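Here are my notes after going through the model you sent. Have the viewer open while you read, and follow the points in order.

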Amino acid sequence: MAKPVLLIGVGVVALTIISVLLLAAQTSEVSGEVKCPFCGSKEVWTPIGTKSENFLWKCFNCGKTWSKTYSEEAYRDWLHRTPVIVRDMVLKFVAAKHPDAKQLLPPKPVWSVQQLSQDKVVYKCGGWIISVEKTEEGYKVTLDFSATRIPGYIGIPHRIVWTGIFTFDGKIVEESYGHYY
Ligand SMILES: [Zn+2]
């Protein structure tokens, strides 16, 4: 009489173990991704090339900081995303500092991507050409807008060129800005 009950009991224990293992696998996968634990933003930074690399993190979206060492794979994924983070942070910086450039930025840009070398990527959209190159000093960024690149543009030709550095510790240094008519 006790046998079926025992079998059911063993079955329940086995199912519980399996579900706990599955849950653990899911949780570790989610927490392994490099993103802000407070707001979920993926626009986060760690000081590259210092003792705090892959340990101290800062979120560009909510400004909070945390310490965590992510797995090598998760960290490599983040490193691979850095040109996109650099591009978008520089665009925010330029938009905040130069209202004349802000009004020319595409509101919902869909960037075409050209990987020119292992360290250099070029993005294009709506008359803008943005190049991000990883150098020894940091990420060298050039923003270049020309109205004449926009198909069907019939206004006055004008051009914007911004150059600067996104440092390995996550700061933006403007080197030059010009809006030429
Ligand atoms: Zn955040």
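## Notes on the fold

1. Start with the pair of strands in the middle of the story. S7 (residues 139–146) and S8 pair in the antiparallel sense, with eight bridges between them. If you want to check the register, Thr-142 has Thr-163 as its bridge partner in S8, and Asp-144 has Val-161. Keep in mind that this is a predicted model.

2. On its other partner, S8 pairs with S9 (residues 172–180), again antiparallel and again over eight bridges. Here Ile-165 is matched with Val-173 in S9. The two strands make a hairpin with five residues between them, and Gly-170 in that turn has a positive phi of about 90°.

3. Zooming out, these strands belong to an open sheet of six, ordered S4-S5-S6-S7-S8-S9, with antiparallel pairing. The edge strands are S4 (112–115) and S9, each of which pairs on one side only. Neighbouring strands are turned by 10° against each other on average, direction ignored.

4. Which residues of S8 are buried, and which are not? The side chains alternate along the strand: Ile-160, Trp-162, Gly-164 and Phe-166 point to one face and are buried, while Arg-159, Val-161, Thr-163 and Ile-165 point to the other and are not.

5. Gly-164 deserves a look of its own. This glycine sits in S8, which covers residues 159–166. Gly-164 counts as buried because 20 other C-beta atoms lie within 10 Å, and 20 is just what the cut-off asks for. Leaving aside neighbours within four places in sequence, Gly-164 is in contact with Val-90, Val-141, Ile-172, Val-173, Glu-174 and Glu-175. Gly-138 is 26 residues away from Gly-164 in sequence, and the C-alpha to C-alpha distance is 9.9 Å.

6. Now the helix. H2 (residues 72–97) has 26 residues and reaches 36 Å from its first C-alpha to its last, close to the 38 Å expected at 1.5 Å a residue. Do look at Arg-81, though: a kink of about 45° lies there, shortly before the proline Pro-83.

7. What does H2 pack against? Its buried residues are Trp-78, Pro-83, Ile-85, Val-86, Arg-87, Val-90, Leu-91 and Val-94. They pack against helix H3 (99–102) and the strands S5 (120–125), S6 (128–134), S7, S8 and S9. As a reminder for reading that list, an α-helix has 3.6 residues a turn, so residues three or four places apart point the same way.

8. The largest nonpolar core has 17 residues, and Val-86, Val-90, Val-132, Val-141 and Leu-143 are the ones that touch the most other members. H2, S5, S6, S7 and S8 each give two or more residues to this core, and H2 gives the most, with five. Take Val-132 as an example: beyond four places in sequence, its contacts are Pro-83, Val-86, Arg-87, Val-121, Tyr-139 and Val-141. Apart from this core lies another, of seven residues, among them Val-34, Cys-36, Trp-57 and Trp-78.

9. There is also an open sheet of three strands, in the order S1-S2-S3 with antiparallel pairing. S1 and S3 (65–67) stand at the edges with a single partner strand each, so one side of each is left without a neighbour in the sheet. S1 and S2 pair over two bridges, and Val-44 stands opposite Cys-59 in S2.

10. One backbone angle I'd flag: Asn-54 has a positive phi of about 55° although it is not a glycine. For context, most residues other than glycine have a negative phi. Asn-54 lies in the loop between S1 (44–45) and S2 (56–59). Is this residue buried or exposed? Asn-54 comes out as partly exposed, because 18 other C-beta atoms lie within 10 Å, and being buried takes 20 or more.

11. Finally, the whole chain. The count is three helices and nine strands, running α-β-β-β-α-α-β-β-β-β-β-β from the N terminus on. Buried residues make up 17% of the 181 residues. Of the contacts with a separation of 6 or more, 34% are between residues 24 or more positions apart.

Conventions. Residues are numbered from 1 along each chain as its sequence is written. This is a predicted model: local features need pLDDT of at least 70, side-chain atom pairs count only at pLDDT 80 or more; totals for chains, interfaces and linings use all residues. Helices (H or I, at least four residues) and strands (E, at least two) are DSSP runs, numbered from the N terminus. A residue is buried if 20 or more other C-beta atoms lie within 10 Å of its own, exposed if 12 or fewer, and partly exposed in between; C-beta atoms are placed from the backbone. Two residues are in contact if their C-beta atoms, placed from the backbone, lie within 7 Å. Two strands pair if DSSP finds at least two bridges between them. The expected span of a helix is 1.5 Å times one less than its number of residues. The bend at a residue is the angle between axes fitted to the seven residues ending there and the seven starting there. A nonpolar core is a set of buried Ala, Val, Leu, Ile, Met, Phe, Trp, Tyr and Cys residues joined through C-beta atoms within 7 Å. Axes are lines fitted to C-alpha atoms, for helices over the stretch in contact, and angles run from 0 to 180 degrees between N-to-C directions.
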